[in-house]
Amino acid sequence: MKSIGKGEVLLRNYFESDLPLMVEYANNKKVSINLRDAFPSPYTIENAQALLQMANHQNPRTFFAIEYKGAYVGNICLSLGEDVYRRSAEIGYLIGEPHWNRGIATQAVNLITQYGFQELDLLRIYTGIFEYNRGSQRVLEKCGFKQEAIFEQAICKNNMIYSEIRYCKLRYV
């Protein structure tokens, strides 16, 4: 598969050389606090290898490595809906802490959103953000996602209760 994007930020296949950084970034508590509990913790090299194998054999492709200035910096994906939700997908992403506050997530979200609408024929892309994750809220808002709901006390993370803020972007407004 060819890369998606031009310039400094690209979405691409995962490479074996990405594996050590995949593990390092995922095991950072400042990153993992924003991930669902289903995401393995601790995140092992075996977890990274399984993601690489799964992602690089997908059809259609929905999981990508994020590359910035030629280096792996994170992951981004669209989880496709099923049945009556087949024209919708949930977006998820992580950026390694050394690469925060550089606009990388914003560019990656814009790239995968465009891909989802144009290549996957999606009508709606959405996500739920933990209330304390202001960085992701800003990223989504900069990308044109709209807050559509607050699910109060919907999340239990590390034995604490939080609200979830739902965002979505529609292909046709």
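Rings of Phe, Tyr and Trp (its six-membered ring) pair if their centres lie within 6.5 Å; planes under 30 degrees apart count as stacked, and planes over 60 as edge-to-face. The structure treated here is a predicted model.

**Exercise 1. Determine how many aromatic pairs there are, and classify the pair of tyrosine 25 and tyrosine 72.**

Step 1. The rule gives 5 aromatic pairs.

Step 2. In the pair of tyrosine 25 and tyrosine 72, the ring centres are 6.0 Å apart and the planes meet at 10 degrees, so this pair is stacked.

Step 3. Tyrosine 25 belongs to helix H1 (residues 19–26) and tyrosine 72 to strand S3, so the pair links distant parts of the chain, 47 residues apart.

Step 4. Both tyrosine 25 and tyrosine 72 are buried.

**Exercise 2. Classify the pair of tyrosine 132 and tyrosine 162, and place both residues in the chain.**

Step 1. The ring centres of tyrosine 132 and tyrosine 162 are 4.7 Å apart with planes at 70 degrees, so the pair is edge-to-face.

Step 2. Tyrosine 132 sits in the loop between S5 and H5, whereas tyrosine 162 is in strand S7; the pair therefore ties together parts 30 residues apart in sequence.

Step 3. Tyrosine 132 has 28% relative accessibility and counts as partly exposed.

Step 4. Phe130 joins Tyr132 and Tyr162 in one aromatic cluster.

**Exercise 3. Explain why cysteine 143 and cysteine 168 do not form a disulfide.**

Step 1. A disulfide requires two cysteine sulfur atoms within 2.5 Å.

Step 2. The cysteine sulfur closest to that of cysteine 143 is in cysteine 168, 14 Å away, which is too far for a bond.

Step 3. Searching the whole structure gives 0 disulfides.

Step 4. Cysteine 143 is buried at 4% relative accessibility, and cysteine 168 is buried at 9%.

Step 5. Cysteine 168 is in S7, opposite lysine 146. Strand S6 (residues 146–157) pairs with S7 in the antiparallel sense over 8 bridges. The hairpin of these strands has 2 residues between them, and asparagine 158 there takes a positive phi near 50 degrees.

**Exercise 4. Describe the largest nonpolar core and the contacts of valine 109.**

Step 1. The largest nonpolar core contains 31 residues, and those with the most contacts inside it are Leu11, Ile66, Ile76 and Val109.

Step 2. Among the elements that give two or more residues to this core are strand S1 (9–12), helix H4 (104–118) and strand S5 (124–130). H4 supplies the largest share, 8 residues.

Step 3. Leaving aside residues up to four places away in sequence, valine 109 touches Ile76, Ile91, Tyr93, Val139, Leu140, Cys143 and Phe145.

Step 4. A second, separate core has 16 residues, including Val23, Ala26, Leu51 and Tyr72.

Key:
Residues numbered from 1 in each chain as written. Predicted model: local features only at pLDDT ≥ 70, side-chain atom pairs only at ≥ 80, totals over all residues. Heavy atoms only, no water. Core = buried A, V, L, I, M, F, W, Y, C linked by side-chain atoms within 4.5 Å. Buried < 20%, exposed > 50% of the residue type's maximum accessible area, 1.4 Å probe, protein only. Helix = DSSP H or I, 4+ residues; strand = E, 2+ residues; numbered from the N terminus. Contact = heavy atoms within 4.5 Å. Pairing = 2+ DSSP bridges.
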